Amino acid sequence: DRTPGATLGAGNGSHQNDCERHGTAVAGMTAAAINNAIGVVGVAPSSPVIACKIATIAPPPNCSGAFSAFQWSWVVNALNYARVNGARSTNMSFGGGGSSQAFEAAIASTRQLKVAHFASSGNGGTPSISYPGSAPNVNAVGSLNRDGNRSTFSQYGTGLDFTAPGEQVLTTDRMGAAGYEAGNVAIVDGTSFASPMAAGVAALFFASNP
């Protein structure tokens with residue numbers, strides 16, 4: 001949705017400012033098309049993506065990635081919208097905002113309907129898992145570097161379910177000055193990018209075993 005929390009299915013997902021680039025890079029980790037002539041491919045190439053906006057990103061000049069507006073009800077709406085529209089695997093590359101019983105109930109109910117949920121473990125480098133990755137029925141994903149070792153920024157410890165590449169990885173980028181880099185692709189770091197890779201593996205599994 002253009003406006004977080006709007007009626008399900010309303011809006012067109014347009015960017016609201018030049019700091020909203022994160023979702024493009026996250027989606028590319030899962031679903032960038034193979035042989036697309038721009039030099040990047042997702043782990044589940046060309047898999048359908050249901051993009052749901054769950055927050056407003058703080059505007060320039062610093063592009064910190066912080067939320068300027070957020071409600072857990074918007075995440076609940078997104079989960080239910082994804083389920084109704086056939087999602088089997090979800091990814092949540094964000095953290096913070098406290099905990100939410102309504103969110104955990106939505107996660108549990110959609111998991112009962114055979115939807116697998118993944119979330120980033122956090123980028124603080126500490127032995128604790130950020131919420132919502134630490135929530136019940138959510139698979140928390142940490143980041144590995146190219147040598148297969150834990151990225152120093154990746155949070156870890158009890159409750160970590162999977163690890164995946166998330167350091168110096170190539171993915172899709174928003175075009176022009178609003179992107180991380182000038183072209184169509186960017187090299188990025190973060191558990192935000194490891195989590196959608198794990199979710200993409202789940203997408204491949206469900207494609208083979210519906």
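What follows is a conversation between a biologist and a modeller about a predicted model and the reasons behind the words used for it.

Biologist: Let us begin with the sheet; which strands form it, and in what order?
Modeller: The open sheet is built from 4 strands in the order E3-E4-E5-E6, and their pairing is parallel. From one strand to the next the twist averages 35 degrees.

Biologist: What makes a strand of this sheet an edge strand, and which strands are they?
Modeller: An edge strand pairs on one side only, and that is the case for strand E3 (89-92) and for strand E6 (160-165).

Biologist: How do you know that E5 and E6 are paired?
Modeller: Two strands count as paired if there are at least two bridges between them, and 5 bridges join E5 to E6, which run parallel; the pairing therefore follows from the definition. One of the residues involved is Gly142, whose bridge partner in E6 is Thr163.

Biologist: Ser143 belongs to strand E5 (residues 139-144); why is Ser143 called buried or exposed?
Modeller: The relative accessibility of Ser143 is 1%, and since buried means under 20%, Ser143 counts as buried. Leaving aside neighbours within four places in sequence, the residues in contact with Ser143 include Asn149, Phe153, Ala164, Gly166, Thr191 and Ala194.

Biologist: What makes the approach of Ser143 to Gly166 short enough for a polar contact?
Modeller: A polar atom of the Ser143 side chain lies 3.4 Å from the backbone nitrogen of Gly166, and the cut-off for such a pair is within 3.5 Å, so the distance satisfies that limit.

Biologist: How do you know that the length of helix H4 (residues 191-208) agrees with what is expected of a helix?
Modeller: At 1.5 Å a residue the 18 residues of H4 should span 26 Å, and because the end C-alpha atoms are 26 Å apart, the two values agree. Among the buried residues of H4 are Thr191, Phe193, Ala194, Met197 and Phe206.

Biologist: How does helix H2 (residues 72-84) fare when its reach is set against the expected span?
Modeller: H2 has 13 residues and reaches 19 Å from its first C-alpha to its last, which is close to the 18 Å expected at 1.5 Å a residue. Its buried residues are Trp72, Trp74, Val75, Val76, Ala78, Leu79 and Ala82, and the buried residues of H2 pack against E1, E2, E3, H3 and E4. Just after H2, Gly86 takes a positive phi of about 95 degrees.

Biologist: Why is Ser73, which is found in H2, called partly exposed?
Modeller: Its relative accessible area is 36%, and because that value is neither under 20% nor over 50%, Ser73 is partly exposed. In sequence Ser73 and Ser100 are 27 residues apart, while in space they are 9.0 Å apart, C-alpha to C-alpha.

Biologist: Which residues have the most contacts inside the largest nonpolar core?
Modeller: That core has 17 residues, and those with the most contacts inside it are Met29, Phe118, Val141, Ala164, Val169, Val188 and Phe193. Helix H1 (22-31), strand E4 (116-120), strand E8 (185-188) and H4 each supply at least two of its residues, and H4 gives the most, with 7 residues. A second, separate core of 16 residues includes Ala78, Met92, Ile107 and Tyr131.

Biologist: What makes Asn35 and Lys114 worth a remark about phi?
Modeller: Asn35 has a positive phi of about 55 degrees although it is not a glycine, and phi of Lys114 is near 70 degrees, again a positive value in a residue other than glycine. Asn35 is placed in the loop between H1 and E1, and Lys114 is found in the loop between helix H3 (101-112) and E4.

Biologist: Why are Asn35 and Lys114 called exposed?
Modeller: Exposed means over 50%; Asn35, with a relative accessible area of 73%, is therefore exposed, and Lys114, at 55% relative accessibility, counts as exposed too.

Biologist: Where are the cis peptide bonds that join Pro60 to Pro61 and Tyr131 to Pro132?
Modeller: Pro61 has its place in the loop between strand E1 (55-57) and strand E2 (67-70), and omega of the bond between Pro60 and Pro61 is about 20 degrees. Pro132 lies in the loop between E4 and E5, and omega of the bond between Tyr131 and Pro132 is about 15 degrees.

Notes. Residues are numbered from 1 along each chain as its sequence is written. This is a predicted model: local features need pLDDT of at least 70, side-chain atom pairs count only at pLDDT 80 or more; totals for chains, interfaces and linings use all residues. Side-chain values use heavy atoms; hydrogens and water are left out. Buried means under 20% relative accessible area, exposed over 50%, partly exposed in between (1.4 Å probe, protein chains only). A polar contact is a pair of N or O atoms within 3.5 Å; within protein, one must be able to donate a hydrogen and the other to accept it, and residues adjacent in sequence count only if both atoms are side-chain atoms. Contact means heavy atoms within 4.5 Å. The expected span of a helix is 1.5 Å times one less than its number of residues. A nonpolar core is a set of buried Ala, Val, Leu, Ile, Met, Phe, Trp, Tyr and Cys residues joined through side-chain atoms within 4.5 Å. Axes are lines fitted to C-alpha atoms, for helices over the stretch in contact, and angles run from 0 to 180 degrees between N-to-C directions.
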